[in-house]
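Welcome! Please take a look at the sequence and the fold below, and then let us walk through them together.

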Amino acid sequence: MSKEVRGNQRHMTMDDRIYIEQALEKGIAFKDIGKFLRKDPTTISKEVKKHRMLKPRNIYGKYNSCKLRQSCNHKDVCGKNGKCNKRCASCLQCNSNCPDYVQDVCAKLNHAPFVCNGCEKKVHCKVDKYFYRSTTAHSHYRNSLSTSRQGINLTPEALSELDSLVSPLILKGQSVAHIYIGHKEEIPCSSRSLYNYVDNNILSVRNLDLPRRVKYKPRKKKKASQSDPAWREGRKYSDFLAFIEKNPDVSVVEMDTVEGLKGGKVLLTLLFRSTRCMLIFLLPDKSQSSVIKIFNQLEKSLGTLLFKRVFSVILTDNGSEFINPVLLETGKDSLLRTNIYYCDPNASYQKGALEKNHEYIRYVLPKGTSFDELTQGGVKLLMNHINSTARASLNGRTPFELASLLLDQMVIDVLGLQKIGHDNVLLKPSLLKRK
């Protein structure tokens, strides 16, 4: 016996349905139809029953359609007060008057093939008939395929529960991805549907309540390359890629600064590529001496060897606060503590993970906000809330969770990393205004 071919798991096409109709006309069994189309016979059966079309009997024909007409002994059911001498079995009016009327239905419709396409008696049959028509079936299929993706697939009660769960968390500045990851079992839809519900004003919150829905501008074309300054020699982005290719397991850190008002305090940010964990330090000004002071403090707390292991390679931009790599790379006793590389000019996307992560800072400290009133304690609180935000790109994990797995506990303590409860994450300006 030959082995049957397994189904192709695809939707039926118009050609498939035409073949089914023709096969039913010839009386071919579902099993043989399935073999030809490489589909399970059950699939063919469901297709026929789902899309078969009713052709009602001719109600104007002279026919008693009661199932009990052969054994019926009723008389005068039509209410003619004895003037009708016909037995109801031979009467054409009792169907609409008899309380015991049962419509005659062809018993063959309850079994395969469930339609009358191949029935030899269909021309003279007087009961309701069902037919499978390929054009009608395909039209119903296309319509259901479209409408199944429209509307809200939730009851009013379920939608109300969803709103009471999601909206307060969005108002706390939490992203939809963070909320969905923490409450996946409670949310009866996908994260994409949550965005659609907000976009269509179905929930209490609106698009303005979501963390910034960023639209990225097209990347600008590079200008004609100019001669590189001497401090970039051997530290270009191409050199960085070559170093990473030779040392694929090395820890890569992206570095940048975030400004408040011009001339005021700034934030130094360092992001571990492997975990997306971001460190934030408050600087009194945007100068290299302030950056070097942070490096020296970290080296003193961690020790040169541990600092070199944690901050093996640092990729940064060409800002004035980073243009003396030797002072950054060497620390106590002139020992090499890190390797500094620079992005190409006007190519900040080369450290895109950090640029993307800066969005979280701007949720709490919008552009134009002065940093002069900030303290390192407040900045550390902001850092921990950002690192406790679950990311879809990290398979639902938070940067803190990954950092706690990959970094020594001593490093976690020195850097001031702490976990914030999932529902306690707050990414709104009110975070730094709370007493």
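About 26000 Å² of the protein is exposed, and carbon and sulfur atoms supply 51% of that area; accessible areas come from the Shrake-Rupley method with a 1.4 Å probe, and for residues only the protein chains shown count as cover. This is a predicted model, in which local features need pLDDT of at least 70 and side-chain atom pairs count only at pLDDT 80 or more, while totals for chains, interfaces and linings use all residues. Residues are numbered from 1 along each chain as its sequence is written, and side-chain values use heavy atoms, leaving out hydrogens and water.

**The overall picture**

The protein has 435 residues, and 40% of them count as buried (buried is under 20% relative accessible area, exposed over 50%, partly exposed in between, with a 1.4 Å probe and protein chains only). It holds 15 helices and seven strands; these are DSSP runs numbered from the N terminus, with at least four residues for a helix (H or I) and at least two for a strand (E). Of the contacts between residues at least 6 apart in sequence, 67% join residues at least 24 apart, where contact means heavy atoms within 4.5 Å.

**Strand E6 and its partners**

Strand E6 covers residues 313–316, and both of its faces are covered: Val313 and Leu315 are buried on one side, Ile314 and Thr316 on the other. In a regular strand the side chains alternate between the two faces of the sheet. Two strands pair if DSSP finds at least two bridges between them, and the table shows the pairings of E6.

| Partner of E6 | Sense | Bridges |
|---|---|---|
| E3 (residues 252–259) | parallel | three bridges |
| E7 (residues 339–342) | parallel | four bridges |

Val313 takes part in both pairings: Val252 is its bridge partner in E3, and Asn339 is its bridge partner in E7.

**The nonpolar cores**

A nonpolar core is a set of buried Ala, Val, Leu, Ile, Met, Phe, Trp, Tyr and Cys residues joined through side-chain atoms within 4.5 Å. The largest one has 56 residues, and Leu267, Leu279, Ile280, Phe311 and Ile361 have the most contacts inside it. Strand E5 (residues 277–283) gives the most to this core, with seven residues. Apart from it lies another core of 18 residues, including Leu159 and Val176.

**A buried glutamate**

Why does Glu21 count as buried? Its relative accessible area is 18%. Glu21 lies in helix H1 (residues 14–25), and beyond its neighbours within four places in sequence, Glu21 is in contact with Asn117, Tyr132, Arg133 and Ser134.
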